[in-house]
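Let's take a friendly walk through this model, looking at some backbone details and at how strands are arranged. Have the viewer open as you read.

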Amino acid sequence: MTVRHDGLAVEWLGYATIRLAGEERVVYTDPGRYGVLTGEWEPDSEDLTHPPSRDYRAEDGDVVCVSHVHHYDPDGIERVASDDATVVAFEGIDDGAKKRGLPPLSDLPYDVERVGAKDKLTVGDVEIWTTPAHNEPDGPHTRPDGTPYHPEGFGCGFVVAVEGTRAFWPGDTDVLPGHRTMGSMDVSLFCPPIGQRFTMDRREAAGLAVRIDPDLVMPVHYDTFSTLGADSKAFAAAVAAEGIPVVLDEK
């Protein structure tokens with residue numbers, strides 16, 4: 001399904017993979033993993049609302065944003081990136097990649113820009129801002145011992161301006177104090193995770209949507225596999241009740 005919004009064609013391809021296409025520029029976030037671009041199904045995914053794409057290989061991305069090592073998939077990047085693409089990747093990915101047996105960012109056949117959690121840069125004519133993304137210790141989205149799945153400094157979120165339209169993908173994160181200032185960023189499209197176990201849940205994401213007050217909300221990062229299950233219709237109803245347009249990109 002393609003969502004048309006504010007001059008962009010927007011597609012959620014599964015997990016955290018979003019395609020933002022303007023007239024001349026294409027940006028992807030967090031391409032790949034869990035079969036979302038290869039069509040390889042997870043054992044428990046048959047009844048989920050957003051199954052993997054089937055052998056997706058567009059190779060049209062001008063910019064590819066990677067928020068943290070859990071979403072670092074070199075094959076996924078190659079499936080979406082054009083030959084002269086720039087990969088904008090969180091600076092901590094290399095440490096985690098080595099532990100996971102993945103190649104370093106420097107092995108990718110693209111220009112790579114490493115970013116921290118509070119950076120701003122421009123790639124061609126695409127403006128990019130990064131935002132902190134983590135789980136709070138002893139918060140609701142932690143392991144049984146209270147340690148966060150995504151500790152502070154593990155990753156980032158992205159605001160990307162594609163031909164003047166700003167889209168916000170927060171990354172794998174709780175709702176953080178700094179997110180309250182996002183309303184000043186003039187975000188047109190907000191794509192929050194609502195998969196609950198590793199990130200903000202649908203209620204927390206709906207509250208953040210109200211604070212940001214975007215022109216459109218499209219949730220992502222849910223129902224890719226069973227532990228990311230979420231009631232997307234309840235999320236949409238809660239956001240719409242506050243007068244904010246919302247769309248579900250589902251089968």
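## A buried aspartate

Aspartate 30 counts as buried, because its relative accessibility is 0% and the cut-off for buried is under 20%. Please keep in mind that this is a predicted model.

To find aspartate 30, look in the loop between β4 (26-29) and β5 (61-66). Its backbone deserves a look too: the phi of aspartate 30 is near 40 degrees, a positive value in a residue other than glycine. As background, most residues other than glycine have a negative phi.

## Another aspartate with positive phi

Further along the chain, aspartate 223 has a phi near 60 degrees, which is again positive in a residue other than glycine. Where does aspartate 223 sit? You will find aspartate 223 in the loop between β13 (216-217) and α4 (232-240).

Is aspartate 223 buried or exposed? With a relative accessibility of 6%, aspartate 223 counts as buried, since the cut-off for buried is under 20%.

## The six-stranded sheet

Strand β13, which precedes the loop of aspartate 223, also belongs to an open sheet of six strands. The order in this sheet is β8-β9-β10-β11-β12-β13, and the pairing is mixed. Its edge strands are β8 (120-123) and β13, each of which pairs on one side only.

Within the sheet, how do β9 and β10 pair? Strand β9 (residues 126-133) and strand β10 (residues 155-162) run antiparallel to each other, joined over seven bridges. If you would like a residue pair to look up, isoleucine 128 has valine 160 in β10 as its bridge partner.

Technical notes. Residues are numbered from 1 along each chain as its sequence is written. This is a predicted model: local features need pLDDT of at least 70, side-chain atom pairs count only at pLDDT 80 or more; totals for chains, interfaces and linings use all residues. Side-chain values use heavy atoms; hydrogens and water are left out. Helices (H or I, at least four residues) and strands (E, at least two) are DSSP runs, numbered from the N terminus. Buried means under 20% relative accessible area, exposed over 50%, partly exposed in between (1.4 Å probe, protein chains only). Two strands pair if DSSP finds at least two bridges between them.
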